[in-house]
Amino acid sequence: MSKKQKKVKAKPTPTKHQLSKWQRQQRKNRITVIAAAVFLVGILGYVGFGYYDNAVKPFQETVISVNDTSYNMGYYVDMLDVQTQGMQPNESYAQFVASQIEESELMKQGANDLGIRVEKEEVEEKIKENSLPDSKVYQDSVSAGLLSEKLVDYFGSLLPDKMEQ
């Protein structure tokens, strides 16, 4: 052999005992990793369900129903927040906002039967004019105000100018 050629050492072949020992170690490692993953998934699932049950689900439940239209708790809380900006809401005001939501929906349904509608462009124009956020609650609030004005004009035109007392 020359100096340039080096002797290649052959790796010793593992014995059956070593192979079975390595396989047992790999199996134990796999079982440990799977058990840890199942444990973590269980903990995360428990925490996630608790969060969903306490923070998400209540805001999706229906709290106000008017004929075929229903409003969830999230909408009610947003409307209460809009109506009580700068004030400390109390129980009577919370009931007032709930009745206001019902009345505006009934007004919308009744006006629809009369053929009176508020166009989306009118609502958008009023929101821009008053520099309000463009959210569903503000749109509904502005729409109810505009619809109320149109209904007053409609029924006011049906009344005579002079009546006997």
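How does the radius of gyration of the protein chain compare with that of a compact globule of 165 residues? The protein chain comes out at 35 Å, while a compact globule with 165 residues would sit near 15 Å. Keep in mind that this is a predicted model.

**Figure 1. The whole protein chain, from end to end.** Along the principal axes, the C-alpha atoms take up a box of roughly 130 × 40 × 35 Å. The protein chain holds five helices and two strands, and reading from the N terminus you meet them in the order α-β-β-α-α-α-α. Of the contacts with a separation of 6 or more, 48% link residues 24 or more positions apart.

**Figure 2. Surface and charge of the protein chain.** Just 18% of the 165 residues are buried. The accessible surface adds up to about 13700 Å², and carbon and sulfur atoms supply 56% of that. On the charge side, there are 21 positive and 22 negative side chains. The centres of those two sets are 46 Å apart.

**Figure 3. Helix H5 and the helices it packs against.** Helix H5 covers residues 136-158, which makes 23 residues. From its first C-alpha to its last it reaches 33 Å, close to the 33 Å expected at 1.5 Å a residue. Its buried residues include Val-137, Tyr-138, Val-142, Leu-146, Leu-147 and Leu-151. Asp-140, Ser-143 and Ala-144 are also among them. What do these buried residues pack against? Their partners are helix H2 (73-83), helix H3 (91-114) and helix H4 (120-129).

**Figure 4. Ser-143, a buried serine in H5.** Zoom in on helix H5 and you'll find Ser-143 there. Ser-143 has a relative accessible area of 17%, so it counts as buried, the cut-off being under 20%. Which residues does Ser-143 touch, once neighbours within four places in sequence are left aside? The answer is Val-118 and Val-123.

**Figure 5. Thr-84, between H2 and H3.** Thr-84 belongs to the loop that joins H2 and H3. Is this loop residue buried or exposed? Thr-84 is buried because its relative accessibility is 6%, and the cut-off is under 20%. Look for Ala-94 too: it is ten residues from Thr-84 in sequence, with 9.3 Å between the two C-alpha atoms.

**Figure 6. Gln-95 on helix H3.** Gln-95 is part of helix H3. Its relative accessibility is 51%, so Gln-95 counts as exposed, for which the cut-off is over 50%. Leu-80 lies 15 residues away from Gln-95 in sequence, and the C-alpha to C-alpha distance is 9.6 Å.

**Figure 7. Asn-67, in the loop between the strands.** Strand S1 (62-66) and strand S2 (69-72) are joined by a loop, and Asn-67 is in it. Check the backbone here: Asn-67 isn't a glycine, yet its phi is positive, at about 50°. Asn-67 is exposed because its relative accessible area of 61% is over 50%.

**Figure 8. Ser-131, in the loop between H4 and H5.** Ser-131 has its place in the loop from H4 to H5. What is the phi of this residue? For Ser-131 it is near 55°, a positive value in a residue other than glycine. With a relative accessible area of 63%, over the 50% cut-off, Ser-131 therefore counts as exposed.

Terms used. Residues numbered from 1 in each chain as written. Predicted model: local features only at pLDDT ≥ 70, side-chain atom pairs only at ≥ 80, totals over all residues. Heavy atoms only, no water. Helix = DSSP H or I, 4+ residues; strand = E, 2+ residues; numbered from the N terminus. Rg over C-alpha atoms; globule rule 2.2 N^0.38 Å. Buried < 20%, exposed > 50% of the residue type's maximum accessible area, 1.4 Å probe, protein only. Contact = heavy atoms within 4.5 Å. Areas by Shrake-Rupley, 256 points an atom, 1.4 Å probe, with all protein chains shown as cover. Lys, Arg positive; Asp, Glu negative; His and termini not counted. Charge placed at Lys NZ, Arg CZ, Asp CG, Glu CD. Expected span 1.5 Å × (residues − 1).
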